[in-house]
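Biologist: I have a model on my screen and want to learn how to read it. Can we go through it feature by feature?

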Amino acid sequence: MQTVQPVKSKKIDSSSVGVTSGSIARSENRGVYATFLKVGNRGLKCYNSPESRDQHYRYQRTLANKGLAPYCDDCVDMTLPDGSVKYAYWSGLAEVAMDRYDGELFVNNEDCRDLKARLGDAGYDWHDDHSGNWGYVNGRAVLIDCSGY
Ligand SMILES: Nc1ncnc2c1ncn2[C@@H]1O[C@H](COP(=O)(O)OP(=O)(O)OP(=O)(O)O)[C@@H](O)[C@H]1O
Ligand SMILES: [Mg+2]
């Protein structure tokens, strides 16, 4: 059986990046796995387990290297004031398609179809194609929810 090495991560206190338990609880950008926070000019994608964080980080890094996702930076294990830990990684910000297209859940336009085709060429079969899962970086459509690569 192939063993997957854990990714390297740094332990930080949430206060060092201005994150509180409240910012996580109030985040409107919460998916099934990720809670997304905008911190300065970057995004912090927070998960409840190191396995889930490591997996999403690897997926996004693979796609980012092909220009298909926002860049991702280092991983952090972030302790909150209540002692709980979020497993997170820093990510480039995208303009979410849902926001650009007035909350429309499915945007089957040329950008979306083109992204799907580029993902397909990279061997990624993209099914969860709602407009909360993709967006724009520097005018180019990218996948922001990279689970399942
Ligand atoms: N790089 C990013 N830039 C801007 N917003 C983002 C980014 N990544 C995530 N978001 C926001 O956070 C939300 C949740 O992130 P994401 O889709 O990765 O989580 P998830 O748990 O996998 O979601 P799902 O509910 O689709 O399973 C997105 O719908 C989007 O609004
Ligand atoms: Mg999502």
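Biologist: Which residues come nearest to ligand 1?

Modeller: Keep in mind that this is a predicted model. Start with the shell of residues around the ligand. Here 20 residues surround ligand 1, and Asn 29, Gly 31, Phe 36, Gly 132 and Asp 145 come nearest.

Biologist: How do the residues of that shell divide into nonpolar, polar and charged?

Modeller: Sort them by class. Around ligand 1, nine are nonpolar, eight are polar and three are charged.

Biologist: Phe 36 is on that nearest list. What stands opposite Phe 36?

Modeller: For a strand residue, look across to the partner strand. Phe 36 faces Lys 45 in S3. The pairing of S2 with strand S3 (residues 42-47) is antiparallel and runs over five bridges.

Biologist: What is the strand order of the five-stranded sheet?

Modeller: Read across the sheet, not along the sequence. The order is S1-S4-S5-S3-S2, in an open sheet with mixed pairing. Strands S1 (9-13) and S2 (35-39) are the edges, each pairing on one side only. From one strand to the next, the twist averages 30 degrees.

Biologist: And the three-stranded sheet: what is its order?

Modeller: Read it in the same manner. This open sheet runs S6-S7-S8 with antiparallel pairing. Its edge strands are S6 (95-96) and S8 (140-143), each with pairing on one side only. Two bridges join S6 to strand S7 (residues 134-137). Val 96 stands opposite Gly 135 in S7.

Biologist: Which helix packs on that sheet?

Modeller: Check which strands a helix touches, then its angle. Helix H4 (residues 110-121) touches S7 and S8, and its direction makes about 55 degrees with that of S8.

Biologist: Now the interior. Why look for clusters of nonpolar side chains?

Modeller: Because in soluble globular proteins such side chains tend to be buried together. The largest nonpolar core in this model has 15 residues. Leu 68, Ala 69, Leu 119, Trp 134, Val 142, Leu 143 and Ile 144 touch the most other members. H4 and S8 each supply at least two residues of this core. S8 gives the most, with three.

Biologist: What is Val 142 in contact with, beyond its neighbours within four places in sequence?

Modeller: Follow one member outwards. Val 142 contacts Leu 68, Ala 69, Pro 70, Ala 94, Trp 134, Gly 135 and Val 137.

Biologist: How many residues does the second core have?

Modeller: It is separate and has 13 residues, including Tyr 57, Cys 72, Met 78 and Ala 88.

Conventions. Residues are numbered from 1 along each chain as its sequence is written. Chains are lettered from A and ligands numbered from 1 in the order in which they are written. This is a predicted model: local features need pLDDT of at least 70, side-chain atom pairs count only at pLDDT 80 or more; totals for chains, interfaces and linings use all residues. A residue is near a molecule or strand if its C-beta atom, placed from the backbone, lies within 6 Å of it. Ala, Val, Leu, Ile, Met, Phe, Trp, Tyr, Cys and Pro count as nonpolar, Asp, Glu, Lys and Arg as charged, and the others, Gly among them, as polar. Two strands pair if DSSP finds at least two bridges between them. Helices (H or I, at least four residues) and strands (E, at least two) are DSSP runs, numbered from the N terminus. Two residues are in contact if their C-beta atoms, placed from the backbone, lie within 7 Å. Axes are lines fitted to C-alpha atoms, for helices over the stretch in contact, and angles run from 0 to 180 degrees between N-to-C directions. A nonpolar core is a set of buried Ala, Val, Leu, Ile, Met, Phe, Trp, Tyr and Cys residues joined through C-beta atoms within 7 Å. A residue is buried if 20 or more other C-beta atoms lie within 10 Å of its own, exposed if 12 or fewer, and partly exposed in between; C-beta atoms are placed from the backbone.
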